[in-house]
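Trainee: I'd like a close look at the side-chain contacts in this one. Please take me through them at an easy pace, with the reasoning spelled out.

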Amino acid sequence: MHAQLALAATLVAGIAPMAFGGAAAVAAPVTVRTGTTAEPGTVVQEGGRLTVPAGRGPVTTRLTVTLPPGTTGPLRSARITFQAAGDTESRPSEQFTSTCSVNGGAAASCAWFSPDPETVDGTWLVLDLPAAEVPAGTSTVTYDITVAVTEGMEWLSRLSGTVELHDATGPVARGNMALDIVPGTIEAWHRSSLHARDRDGVLWQYDATGRADAPFAKRKRVGGGWNVYTAITKLDRTTAERNEGALVARDRNGVLWYYPGNRRPDAPFKPRERVGGGWNVYASIVGLSGGDLVARDRTGVLWFYEGRGPGVTGAYAFHPRVRVGGGWNAYSAIASFGEGLVAHTAAGRQFRYEKSDDRGPSAPFKPRREVGGGWNRYTALTGMGLVLEDPSLAARTADGKLVVYGVDRWKGNSDPYRPRPVGGGWNIYDTLV
């Protein structure tokens, strides 16, 4: 797995490595331009390892090169190399961009590339630095390097590379550069929000922060009176900043109401609009991404409603329902997740229903795939958009603790993956949406 890649520094031409942040390992002496034999110079990364948020760069690190006495003239090449000790199928260089500045000069683009690790000494990832002149009267050269990594590349985790600089006579300095690739903070307009109704009927909004240590901001009051509804679901994700997305809610008389997003932080939803009656025939209603929903009737038949947006009167409307199939009363809980569903049985076995590829309203999902067991420990599930990963699934345990599942993009599927704890006290709510 990519997340288990063990990345280590590599050297060219059999040169021994140097431990980052510690003393140099024993290395063969090098010949400098004076013709004498001397130990190689050093390369120090100022401030230690550089933290690079994936998708939210660039950030800057500085390498200070101290050359051995007698080294003059230009440094003809400088290179940072990384070696993969395990899986080498990934070629990540296209996901990196950098600029480099030498001795405080103008910054210019510098290139990352991925040679074939089976033919080039196992080298997996390379950054070429520009040539540099050694300033007169000094033995120090500095490189200011910006690094940006595209979103989703946090699986690279900790990278440690070897820096080597050459002049006309050969290598003259060696050291290390280290990067920690971490999840980036998602911009507010793209982050999702979670809604929760307390037992007094007040609806609250929790906006995702994009931070792993505190996934949700302090709750905001949406309004009271929401206990008139027996079912609430989102037709699409709601967002933390622009308050896009929408809710539908069914009252005790079976009337379905539509709450469009308002794009106002102080009032996230516009006044409700009537969709229609007769929705009491359904035991559960689950909104999907894109404005569609599915509804399970009391005999276990699942029906698909394709959204068609505002109708002639301006209210939200659906196309006539289409039968998906029976047997859905085998599930004690059904929740949206991504563009599809997850559903678990009373015994805790969860199944994943991916959105199908253009198979029509009567077959909106691919055949189910079992995710695993133990899901009956949760008393509430609701799908969300971006919290830390896309998509996300919020789950509450019987003792009121909330966890958020993301997806493992590198497994090749979109099953719920790696629950992250949010905190306790969520039993004050009777509905999460």
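Mentor: Let's settle one term before we start: a residue is buried if its relative accessible area is under 20%, exposed if that value is over 50%, and partly exposed in between. Take Tyr282 as a trial case: it has 2% relative accessibility, so it goes down as buried. Keep in mind as we go that this is a predicted model.

Rings are a good place to begin. The count comes to 24 aromatic pairs. One of them is Tyr206 with Phe216, which sit edge-to-face, with 6.4 Å from centre to centre and 75 degrees between the planes. Where do these two come from along the chain? Tyr206 belongs to strand β18 (residues 203–207), while Phe216 is in the loop between β18 and β19 (220–223), so their contact ties together parts that are 10 residues apart in sequence. Tyr206 is buried at 11% relative accessibility, and Phe216 is buried as well, at 12%.

Now set that beside Trp279 and Tyr282. Their ring centres are 5.6 Å apart and the planes meet at 55 degrees, so this pair is called tilted. The reason is the angle: a pair needs over 60 degrees to be edge-to-face and under 30 to be stacked, and the rest are tilted. Trp279 has a relative accessible area of 6%, so it is buried, and you've already met Tyr282 as buried at 2%. This pair has company, too: ring pairs link Trp279 and Tyr282 into a cluster with Tyr258, Tyr305, Tyr316 and Phe318.

Rings can also have a charge over them. Look for Arg219, which lies over the face of Trp204, 3.5 Å from the ring centre. Then find Arg321, whose charged end is placed over the ring of Trp303 at 3.6 Å from the centre.

From there it's a short step to charges that meet each other. Side chains of opposite charge can pair when their charged atoms come close. How many salt bridges are there in the structure? The structure holds 12. Start with Asp144 and Arg62, whose side chains meet at 2.7 Å, N to O. Asp144 is part of strand β14 (residues 140–149) and Arg62 part of strand β6 (residues 59–66), so this contact ties together parts of the chain that are 82 residues apart in sequence. As for cover, Asp144 has 18% relative accessibility and counts as buried, whereas Arg62, at 35%, counts as partly exposed.

Next, go to Asp180 and Arg158, another salt bridge, with the closest N and O atoms 3.5 Å apart. Here Asp180 comes from strand β16 (residues 170–183) and Arg158 from strand β15 (residues 158–167), so the parts tied together are 22 residues apart in sequence. Asp180 has a relative accessible area of 14%, which makes it buried.

Lys401 and Asp399 give you a salt bridge too, with 4.0 Å between the closest N and O atoms. Lys401 is partly exposed, its relative accessible area being 46%. Asp399 comes in at 51%, and that puts it in the exposed class, because the cut-off there is over 50%. Salt bridges can also join up: Arg352, Glu354, Arg369 and Asp415 are linked in a network of them.

Is there a covalent cross-link to look at, and how many disulfides does a search of the whole structure find? The answer is 1. It joins Cys100 to Cys110, with 2.0 Å from S to S. The link is right-handed, with 75 degrees about the S-S bond. Cys100 sits in strand β9 (residues 96–102) and Cys110 in strand β10 (residues 108–110), so to speak two distant parts of the chain, 10 residues apart, that the pair links. Cys100 is buried at 3% relative accessibility, and Cys110 is buried at 8%.

One last stop is Arg418. You'll find Arg418 in strand β37 (residues 416–423), and it is partly exposed, with a relative accessible area of 40%. Arg418 and Tyr405 are 13 residues apart in sequence, and their C-alpha atoms are 5.8 Å apart in space.

Conventions:
Residues numbered from 1 in each chain as written. Predicted model: local features only at pLDDT ≥ 70, side-chain atom pairs only at ≥ 80, totals over all residues. Heavy atoms only, no water. Helix = DSSP H or I, 4+ residues; strand = E, 2+ residues; numbered from the N terminus. Buried < 20%, exposed > 50% of the residue type's maximum accessible area, 1.4 Å probe, protein only. Disulfide = S-S within 2.5 Å. Phe/Tyr/Trp six-rings, centres within 6.5 Å; stacked < 30°, edge-to-face > 60°. Lys NZ or Arg CZ within 6 Å of the ring centre and 35° of its normal.
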